[in-house]
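Welcome, and thanks for taking a look at this one with me. Please have the model open in your viewer as you read.

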Amino acid sequence: MLDSLPAAMPRRAVLAAVAGVIVIAAVTATLMTRGQHLSAPSSAADTLTDAAAPSGHSSEVDILLGLAREATKDGRLVAPQGNNAYEYYLSVLQLDASNATALDALRETLPFASQEIEQQINRRQLDEARREIALLRDFDPTNYTLIILGAKLDAQQQVVTAEDEARADAMRRHTP
C-alpha cells in the first residue's frame, strides 16, 4: 500500500494541474464570449459553474490521452515519475474507469514496461524498479509477470544487502 502512494501523488498533481488549466481556459472563453454578446453580468460562481459544465471529464480525458500517447511515442512508459504513459493512462481511468483506449494501452504496453523494469533490476536501480512495479500493480495487481519481477527485485535486494554487509565486514577486519 505504501509503495503505491508515491506513484499516485504525481498522477493527482498532474490531474489537478490539467483540470486547473481547463477551468481557466473555460472561464476565459466564457468571459470573452459574454463580453462579446454584452449579456447581463453574473457572479464569479456562476461563471465557474457555467465554464466547468461543458468541459466535463471528456476534455480532461482527451488531454491526458494525448499526453500518454506522446509519452509512449517518446519511450517514457514508466519513467520519469510524474511524466510517463502509465501515470497518464491511470489518471484517465480515475476519471473514466471504463475508458477502452486507456485500458487497451495499459494492457498492450505492460510487457514492454515489464522489460524496462527488469533492466532496472539488472542495473541494480532497485528503488526505481520498486516504484515502477508499484505503478504497474496499480493497473493489474495480480499480474503474474509483476509477481515474478517483485520476486526478482527482492532477490536482487538480498544480493545487494549481502554484498554491502560483506564489504562492511571486510572494512572492519582491515581497520586496526
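This report covers one helix pair and then a set of salt bridges. Please keep in mind that the model is predicted.

**The pair α4 and α5**

Let's begin with helix α4, which spans residues 100-122, and helix α5, which spans residues 126-139. How are they arranged relative to each other? Their axes lie 10 Å apart and make an angle of about 160°. Angles over 145 degrees count as roughly antiparallel, so α4 and α5 are roughly antiparallel to each other. The crossing of these two helices is left-handed.

Which residues make the contact? On the α4 side they are L103, L106, R107, L110, A113, S114, E116, I117, Q120 and I121. On the α5 side, L126, E128, A129, E132, I133, L136 and F139 meet them. Sorted by character, the residues of this contact comprise 11 nonpolar, 2 polar and 4 charged.

One residue of α4 deserves a closer look: Q120. Is Q120 buried or exposed? Its relative accessibility is 11%, and because buried means under 20%, Q120 counts as buried. Leaving aside residues up to four places away in sequence, Q120 touches Q125, E128, A129 and E132.

**Salt bridges**

How many salt bridges does the model hold? The count comes to 12. Three of them are set out here, with the distance between N and O atoms.

| Salt bridge | N to O distance | Helix |
|---|---|---|
| E70 and K73 | 3.6 Å | α2 (residues 44-73) |
| D104 and R107 | 3.0 Å | α4 |
| R172 and D169 | 3.9 Å | α6 (residues 144-174) |

E70 and K73 are 3 residues apart in α2, about one turn of the helix. E70, at 36% relative accessibility, counts as partly exposed, whereas K73, at 64%, counts as exposed.

In α4, D104 and R107 are likewise 3 residues apart, about one helical turn. D104 has 37% relative accessibility and counts as partly exposed; R107, at 48%, also counts as partly exposed. You have already met R107, since it belongs to the α4 side of the contact with α5.

Over in α6, R172 and D169 are 3 residues apart and therefore separated by about one helical turn. R172 counts as exposed at 56% relative accessibility, while D169 counts as partly exposed at 33%. Elsewhere, salt bridges that share partners join E87, E128, R131 and E132 into one network. Among the members of that network, E128 and E132 are also residues that Q120 touches.

Note on methods
Residues are numbered from 1 along each chain as its sequence is written. This is a predicted model: local features need pLDDT of at least 70, side-chain atom pairs count only at pLDDT 80 or more; totals for chains, interfaces and linings use all residues. Side-chain values use heavy atoms; hydrogens and water are left out. Axes are lines fitted to C-alpha atoms, for helices over the stretch in contact, and angles run from 0 to 180 degrees between N-to-C directions. Helices (H or I, at least four residues) and strands (E, at least two) are DSSP runs, numbered from the N terminus. Angles under 35 degrees count as roughly parallel, over 145 as roughly antiparallel, 65 to 115 as roughly perpendicular and the rest as oblique. A crossing is left-handed if the near helix is turned anticlockwise from the far one by less than a right angle, and right-handed if clockwise. Contact means heavy atoms within 4.5 Å. Ala, Val, Leu, Ile, Met, Phe, Trp, Tyr, Cys and Pro count as nonpolar, Asp, Glu, Lys and Arg as charged, and the others, Gly among them, as polar. Buried means under 20% relative accessible area, exposed over 50%, partly exposed in between (1.4 Å probe, protein chains only). A salt bridge is a side-chain nitrogen of Lys or Arg within 4 Å of a carboxyl oxygen of Asp or Glu.
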